[in-house]
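Let's go through this one by asking how each label was earned. Pockets come up before helix packing and backbone oddities.

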Amino acid sequence: MQRSVITLNHLKVPYTIEYIDLSNKPDWFLDISPLGKVPVVQVNDGISIFESAVINEFVSEINPPVLHPADPVDKARNRAWIEYGSGLLGTNYQMRNAKTEEDFLALKAKLVDQLKKVEEQIGDGPFFNGEEFSLIDSSYTPVFMQIDLISQKVDLDVYAETPKVGRWAEMMLSLPEVKTSVVEDFADLFYTSMGKSGGYLAQFVN
Ligand SMILES: N[C@@H](CCC(=O)N[C@@H](CS)C(=O)NCC(=O)O)C(=O)O
């Protein structure tokens, strides 16, 4: 969801947003979201577009220039690493909810390994592709924000071996389109959810 909001903010596209309680999905939402998942964007009186990467490409395509490298090889490479980024979000989610310290450390090690693969792909920055913001930048930022929030409570230090990713994350989190991509009390909500998880990290927020 946040990936798409960052993209919309960056493009300065006007939009309205409805946040959904995923534990109690309203009927109107189930009517428009084919898989019952967020994000979903409704366009042209009833056509629903889902999958954040697809929404981002669509929004970018109708607000050119498209936020992807123009070269087909670079574009394909970006798309592949965007897909890879979804895996990082998944690992981070599992790490956040890990029940034991052992599981937490194993998932943190997995996250670090995944970040190392990304490190090999980045150039001199500041963005993934250099000087220009691209869709891959909005794609990785939610995981950067979550890592940042966890790091404020726990000594996570996941970027020790991936300085380029660390710099990329810090720069992305400083952008206005990123700062305004979440609700004002996002940090509180995030920590409440961590606390309720009953996992290893809950002790650091309760
Ligand atoms: N790959 C999808 C993932 C969508 C997804 O799993 N959304 C979650 C929230 S992050 C959701 O709506 N879960 C509710 C459910 O599965 O019932 C995307 O990037 O849009």
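Q: What makes a residue count as lining a pocket here?
A: A lining residue has an atom within 4 Å of a pocket grid point. This is a predicted model, by the way. By that cut-off, the second largest pocket gets 25 lining residues, and T16, I17, V40, V41 and Q42 lie nearest its centre.

Q: Which elements supply at least two residues each to the lining of the second largest pocket, and which gives the largest share?
A: α1, α2 (27–32), β1 (40–43) and α3 each supply at least two. The largest share, four residues, comes from β1.

Q: How do the lining residues of the second largest pocket divide into nonpolar, polar and charged?
A: There are 20 nonpolar, four polar and one charged. Asp, Glu, Lys and Arg are the types that count as charged, so the one charged residue has to be one of those. The space in this pocket comes to about 530 Å³.

Q: What is the volume of the largest pocket, and which residues lie nearest its centre?
A: Its volume is about 1600 Å³. The lining runs to 41 residues, with M1, Q2, L22, V38 and Q146 nearest the centre. Two or more lining residues come from each of α1 (2–11), α3 (52–61), α4 (72–96), α6 (135–151) and α9 (186–196). The largest share, eight residues, is from α4.

Q: How do you know that the lining of the largest pocket draws on domain 1 and domain 2?
A: Domain 1 (2–61) and domain 2 (72–204) each give at least three residues to that lining. By type, the lining holds 22 nonpolar, eleven polar and eight charged residues.

Q: Why are α4 and α6 called roughly parallel?
A: Their axes cross at roughly 15 degrees and come within 9 Å. Angles under 35 degrees count as roughly parallel, so α4 and α6 earn that label. The crossing of α4 and α6 is left-handed.

Q: What makes α1 oblique to α6?
A: The two helices pack at an angle of about 130 degrees, with axes 8 Å apart. Roughly perpendicular covers 65 to 115 degrees, and roughly antiparallel starts over 145. The α1 and α6 angle fits neither range, so the pair is oblique. Their crossing is right-handed.

Q: What is the omega value behind calling the V38 to P39 peptide bond cis, and where is P39 found?
A: Omega is near 0 degrees for that cis bond. P39 is in the loop between α2 and β1. V38, on the other side of the bond, is also among the residues nearest the centre of the largest pocket.

Q: What is omega for the cis bond from P64 to P65, and which loop holds P65?
A: Omega is near 5 degrees for that one. The loop between α3 and α4 holds P65.

Q: What makes phi of E51 worth flagging?
A: Phi of E51 is near 75 degrees, a positive value in a residue other than glycine. E51 sits in the loop between β2 (47–50) and α3.

Q: What is phi of D157, and where is D157 found?
A: Phi of D157 is near 50 degrees, again positive in a residue other than glycine. Look for D157 in the loop between α6 and α7 (163–173).

Note on methods: Residues numbered from 1 in each chain as written. Predicted model: local features only at pLDDT ≥ 70, side-chain atom pairs only at ≥ 80, totals over all residues. Heavy atoms only, no water. 1 Å grid on protein atoms, 1.4 Å probe; cavity = no way out; pocket = protein on both sides within 12 Å on 5 of 7 lines; lining within 4 Å. Points joined across faces, edges and corners; volume = space filled by probe spheres on them. Domains from an automatic or database assignment. Axes fitted to C-alpha atoms, helices over the stretch in contact; angles between N-to-C directions. Left-handed = near helix turned anticlockwise from the far one by under 90°.
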